[in-house]
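Good morning, and thank you for coming. I should like to take you through one structure, beginning inside a sheet and working outwards.

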Amino acid sequence: MIEGLALANDGRVYKLNGKPALIRKDIPDGKVALLIGGGSGHEPLFHGFVGKNMGDGAACGNVFAAPSPDVIAAAAKAVHRGKGVLFLYGNYAGDNMNFDMAVELLEDDGIEVRTVRVCDDVAAAPPERMHDRRGIAGDIYMIKVAGGAASELGTLDEVERVARKAQGWVRSMGVAVSAGSIPETGKLTFELGDDEIEVGMGAHGEAGIARQKLKSADAIADELMDKILADLPFARGDEVALMINNLGATTMMEMLIVNRRIRAILEREGISVHRTDVGTWLTVQEMAGFSVTLMKLDDELKHYLDMPAESLGYSRM
């Protein structure tokens with residue numbers, strides 16, 4: 001898969017020799033490096049987001065498994081251009097442990113590393129325990145913002161500051177109407193009845209906050225937005241970026257119906273939408289369902305979010 005992904009980039013990235021990692025070919029000298037990564041099975045996240053004003057490299061794990069510390073360290077060395085490396089990844093126990101171990105390995109080699117974890121899932125823990133929340137589709141907006149900052153700002157301190165601002169202002173929640181599966185076992189990640197939905201599940205099929213009977217798209221959108229808007233909280237006069245993400249087997253038609261309802265809710269609440277992204281960025285194998293992400297914006301975050309981007313999974317002119 002990684003070899004095929006490298007080839008699909010038409011020469012802009014390469015597979016690190018002997019390692020499951022992808023690296024940009026054109027990283028400028030003297031640049032603060034951005035290394036992203038995590039388990040496979042969520043394509044195009046993470047390894048599809050390597051490119052200009054996105055990640056400089058991605059360390060890849062097996063399906064739903066963290067990359068190993070040696071892979072992470074090797075990828076970090078490959079992207080390092082003398083200004084340090086920012087690690088950006090989802091807040092899962094295996095990723096946390098392995099990336100932290102890689103930090104220790106890199107410190108021994110004199111490479112400075114900072115870490116910012118994505119913890120946008122409002123269903124995973126209450127606001128006072130943000131550090132316990134999972135990373136879901138908010139990864140994409142955080143990679144986009146951090147990638148832009150790493151391209152323009154000259155110090156690791158400044159890139160970390162921007163990434164942490166993005167971390168604090170992004171919120172997401174998902175719903176599944178059918179489970180995904182793990183290729184190695186062929187088994188579903190969880191069981192759902194034909195007339196049931198799972199609200200707030202994690203990106204690997206972790207239990208959500210409620211299992212309910214199937215509802216209309218409007219009713220589901222209402223429920224997700226009630227929880228997302230109350231969490232930051234978002235307020236009248238805010239400007240946001242809106243992402244509706246296909247978890248794997250949801251049609252564009254279905255997501256656009258959801259988008260229509262969400263835009264009506266935001267208009268009612270006096271929240272303006274700077275940009276809308278509707279598509280497939282974080283999948284869970286064959287899971288049917290979607291997630292909604294809102295990122296509150298100021299002029300700084302808007303600037304980095306709107307910078308041109310070139311990657312296989314996310315491009316913007």
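Let me start with one pairing: Leu-35 has Phe-87 of strand 5 as its bridge partner. Helices (H or I, at least four residues) and strands (E, at least two) are DSSP runs, numbered from the N terminus. Two strands count as paired if DSSP finds at least two bridges between them.

Before going further, a word on the source. This is a predicted model, in which local features need pLDDT of at least 70 and side-chain atom pairs count only at pLDDT 80 or more, while totals for chains, interfaces and linings use all residues. Residues are numbered from 1 along each chain as its sequence is written, and side-chain values use heavy atoms, with hydrogens and water left out.

Now back to strand 3, residues 33-40. Strand 3 and strand 5 (residues 85-90) run parallel and are joined by four bridges, and Leu-34 stands opposite Leu-86. With strand 4 (residues 57-63), strand 3 also pairs in the parallel sense, over six bridges; there Gly-37 has Ala-59 as its partner. Is strand 3 buried or exposed? Eight of its eight residues are buried, so strand 3 is largely enclosed by the rest of the structure. Buried here means under 20% relative accessible area, exposed over 50%, and partly exposed in between, with a 1.4 Å probe and protein chains only.

The whole sheet is open, with six strands in the order 1-2-4-3-5-6 and mixed pairing. Strand 1 (13-15) and strand 6 (113-118) are at the edges; each has a single partner strand, so one side of each lacks a neighbour in the sheet. From one strand to the next, the twist averages 20°.

Which strands does helix 4 lie across? Helix 4 crosses strand 3, strand 5 and strand 6, and runs at about 170° to strand 5. Axes are lines fitted to C-alpha atoms, for helices over the stretch in contact, and angles run from 0 to 180 degrees between N-to-C directions. Helix 5 (residues 156-168) also packs on this sheet, touching strand 5 and strand 6, and its direction makes about 10° with that of strand 6.

Let me turn to the interior. A nonpolar core is a set of buried Ala, Val, Leu, Ile, Met, Phe, Trp, Tyr and Cys residues joined through side-chain atoms within 4.5 Å. The largest has 59 residues, of which Phe-49, Leu-88, Ile-140 and Met-295 touch the most other members. Helix 4 (residues 138-152) gives the most to this core, with eight residues. Beyond its neighbours within four places in sequence, Leu-88 has contacts (heavy atoms within 4.5 Å) that include Leu-34, Ile-36, Val-116 and Met-142. A second, separate core of 26 residues includes Ala-123, Met-225, Val-273 and Phe-290.

There is another open sheet of six strands, ordered 11-10-7-14-12-13, again with mixed pairing. Its edges are strand 11 (210-213) and strand 13 (272-279), each with a single partner strand, so one side of each is left without a neighbour in the sheet. Strand 10 (residues 196-199) pairs with strand 11 in the antiparallel sense over four bridges, and Ile-197 stands opposite Gln-212. Helix 6 (residues 217-231) packs on this sheet, touching strand 7 (170-178), strand 10, strand 11 and strand 14 (288-296).

Finally, the cysteines. Cys-60 is buried at 3% relative accessibility, and Cys-119 is buried at 7%. The structure holds zero disulfides, a disulfide being a pair of cysteine sulfur atoms within 2.5 Å.
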